[in-house]
Amino acid sequence: MNTNMESISEKKLLSKYSIILVLVVIMVICSVANSNFLTKNNLLNVFRQQSVTIILDFGEMALSSAAIWTCPVTA
């Protein structure tokens, strides 16, 4: 019975963090394949290129969250 509970919790944990695990695996593969992948300059370049998209995404998320909390629910 205990092993069944452990496998259920492992499945929940894996399904909850699977995207993070995949991203970490991809980063490890890329850093092994290219020695410049995890350097300060490359990471700053990636953040600089994606900064506008990230800011717009956070704004969209904030607006969506505000709309959810302010709209009355009618049945």
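**Exercise 1. Find the helix that holds V32, then decide whether V32 is buried or exposed.**

Solution. Start with the location: V32 belongs to helix 2, in a model that is predicted. Next, take its relative accessibility, which is 68%. The cut-off for exposed is over 50%, so V32 counts as exposed.

**Exercise 2. Work out which residues form the nonpolar surface patch and which helix gives the most to it.**

Solution. First, gather the members: L13, Y17, I20, V24, V28 and V32. Together they offer about 580 Å² of accessible area. Then look for the main contributor: helix 2, spanning residues 18-33, supplies four residues. A helical rule is handy here: an α-helix has 3.6 residues a turn, so residues three or four places apart point the same way.

**Exercise 3. Check whether the span of helix 3 agrees or disagrees with its number of residues, and locate its kink.**

Solution. Count the residues: helix 3 runs over residues 40-70, which makes 31. At 1.5 Å a residue, the expected span is 45 Å. Now compare the end C-alpha atoms, which lie 42 Å apart, so the two agree. Finally, follow the axis: helix 3 has a kink of about 50 degrees, centred on Q50.

**Exercise 4. Describe the whole chain: its pattern, its exposure and its confidence.**

Solution. Begin with the fold elements: there are three helices and zero strands, giving α-α-α along the sequence. Turn to exposure: 0% of the 75 residues count as buried, and of the roughly stated total, about 7,100 Å², carbon and sulfur atoms supply 70%. End with confidence: the mean pLDDT is 85, with helix 1 lowest among the elements at 76 and helix 2 highest at 92.

Methods: Residues are numbered from 1 along each chain as its sequence is written. This is a predicted model: local features need pLDDT of at least 70, side-chain atom pairs count only at pLDDT 80 or more; totals for chains, interfaces and linings use all residues. Side-chain values use heavy atoms; hydrogens and water are left out. Helices (H or I, at least four residues) and strands (E, at least two) are DSSP runs, numbered from the N terminus. The expected span of a helix is 1.5 Å times one less than its number of residues. The bend at a residue is the angle between axes fitted to the seven residues ending there and the seven starting there. Patches are made of residues with over 30% relative accessible area and no salt bridge: like charges are joined within 9 Å, nonpolar side chains (Val, Leu, Ile, Met, Phe, Trp, Tyr) within 5 Å. Accessible areas come from the Shrake-Rupley method with a 1.4 Å probe; for residues, only the protein chains shown count as cover. A salt bridge is a side-chain nitrogen of Lys or Arg within 4 Å of a carboxyl oxygen of Asp or Glu. Buried means under 20% relative accessible area, exposed over 50%, partly exposed in between (1.4 Å probe, protein chains only). pLDDT is the predictor's confidence in each residue, from 0 to 100.
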